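Please open the structure in your viewer and keep the selection panel at hand. The stops below go from the whole chain to single residues.

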Amino acid sequence: MTEDLGTPVLDNHLHLDPRHGRGIEAVEEFARLGGTHLLVVNKPSWLLGVKPDEPADFRAVFEETLETVAAATEALPGRAWPVLGVHPGLISRLVDERDFSPDEARDLMRGGLEVASEYVADGDAVALKSGRPHYDVSDAVWDASNAVTRRAFELGAEVDCAVQLHTEATEDLTDLAAVAEEVGLDPSKVVKHYAAGELAGVTPSVMSDKERLERAAEAGEPFLMETDFVDDPDRPGMVLGPKTVPRRVRWLLDEGHDEAVRRAHVATPRAVYGIDTEATLEREV
């Protein structure tokens, strides 16, 4: 039996891997607890066995993600949307394991984002994914990563879409908000995934533990909710499971945070991605 939480319920950032992980079974579990919508981010290329030498090599990753999203939509009372891009951790694999220079890695990753933006332009994806390493790297790799992120913002402005970021842990991304503004992308359409409860500069996608969500709810600012579910059988306890967002929505409602739930699952998705989580609820939850 499927729970009805009386609201759209969106997990803003998770991965699905039908080949190696739980795949659509995880989506069905999310839906049973009241989940309605998903933003599915392509898994890092290396986890799908893709070792890119040129930008077109990323297409295999993106195509597999589109197929997975189509299957996920069939299992949801709402729908799923793809978020496509290049994981910022790839730069370390290219530089440390494959002898790319930081500049060569930068150019390959920017090219991969350009390919991803074609899917957005064609209406097949809703946002881009980019960012910079969350761990210590050399100045050359840091500069290259920031150049990749800047290119993601340029492409987001060109095709009019949001950009999800993987970055270092921080509650202040005003530096990247300034870069987005400089290239013509509204900083509110830049989303930091794995965010804390509050964030200066861009829109937070808050990891769905109670402490972070309480801060986000009480702050009164736009936010999204996520699990960063990785769907990797070798890392079963990694981050949060697919049941978490629906369970936390129920908890927020029980705590009287109805307005915050609407903000996270209706208003902010519409403002950031241009998606309508209410109109796309085509079936009874």
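The tour that follows treats a predicted model.

**The whole chain**

Begin with the full chain shown as a cartoon, in which nine helices and eight strands can be traced. Its C-alpha atoms fill a box of roughly 50 × 40 × 35 Å, taken along the principal axes. A compact globule of 285 residues would have a radius of gyration near 19 Å, and the chain, with 18 Å, agrees with that. If you colour by burial, buried residues make up 55% of the 285 residues. Among the contacts with a separation of 6 or more, 70% are between residues 24 or more positions apart.

**The sheet**

Next, select the strands, which form an open sheet of eight in the order β1-β2-β3-β4-β5-β6-β7-β8, with parallel pairing. Which strands stand at the edges? They are β1 (10-14) and β8 (224-226), and each has a single partner strand, so one side of each is left without a neighbour in the sheet. Looking across the sheet, you will find a twist that averages 25° from one strand to the next.

Now go to β7 (residues 203-207), which is joined to β8 by three bridges, the two strands running parallel. Within this pair, select M207, which stands opposite E226 in β8.

**A helix across the sheet**

Add helix α4 (residues 102-121) to the view, and you will see that α4 lies across β3 (80-85) and β4 (127-131), running at about 160° to β4.

**The loop before β3**

From β3, step back to R79, which is found in the loop between α2 (59-74) and β3. Is R79 buried or partly exposed? With a relative accessible area of 31%, R79 is partly exposed, because the buried class ends at under 20% and the exposed class begins at over 50%. Leaving aside neighbours within four places in sequence, R79 is in contact with T36, H37, L38, T73 and T280. Select L10 as well: L10 and R79 are 69 residues apart in sequence, and their C-alpha atoms are 9.5 Å apart in space.

**Helix α9**

Finish at α9 (residues 258-273), a helix of 16 residues that reaches 22 Å from its first C-alpha to its last, close to the 22 Å expected at 1.5 Å a residue. Centre on A264, where α9 bends by about 40°; A264 is also one of the buried residues of this helix, which include R263, H265 and Y273. The last selection is G274, which follows α9 and has a positive phi, near 75°.

Conventions
Residues numbered from 1 in each chain as written. Predicted model: local features only at pLDDT ≥ 70, side-chain atom pairs only at ≥ 80, totals over all residues. Heavy atoms only, no water. Helix = DSSP H or I, 4+ residues; strand = E, 2+ residues; numbered from the N terminus. Expected span 1.5 Å × (residues − 1). Bend = angle between axes of the 7 residues up to and from the residue. Buried < 20%, exposed > 50% of the residue type's maximum accessible area, 1.4 Å probe, protein only. Pairing = 2+ DSSP bridges. Axes fitted to C-alpha atoms, helices over the stretch in contact; angles between N-to-C directions. Contact = heavy atoms within 4.5 Å. Rg over C-alpha atoms; globule rule 2.2 N^0.38 Å.
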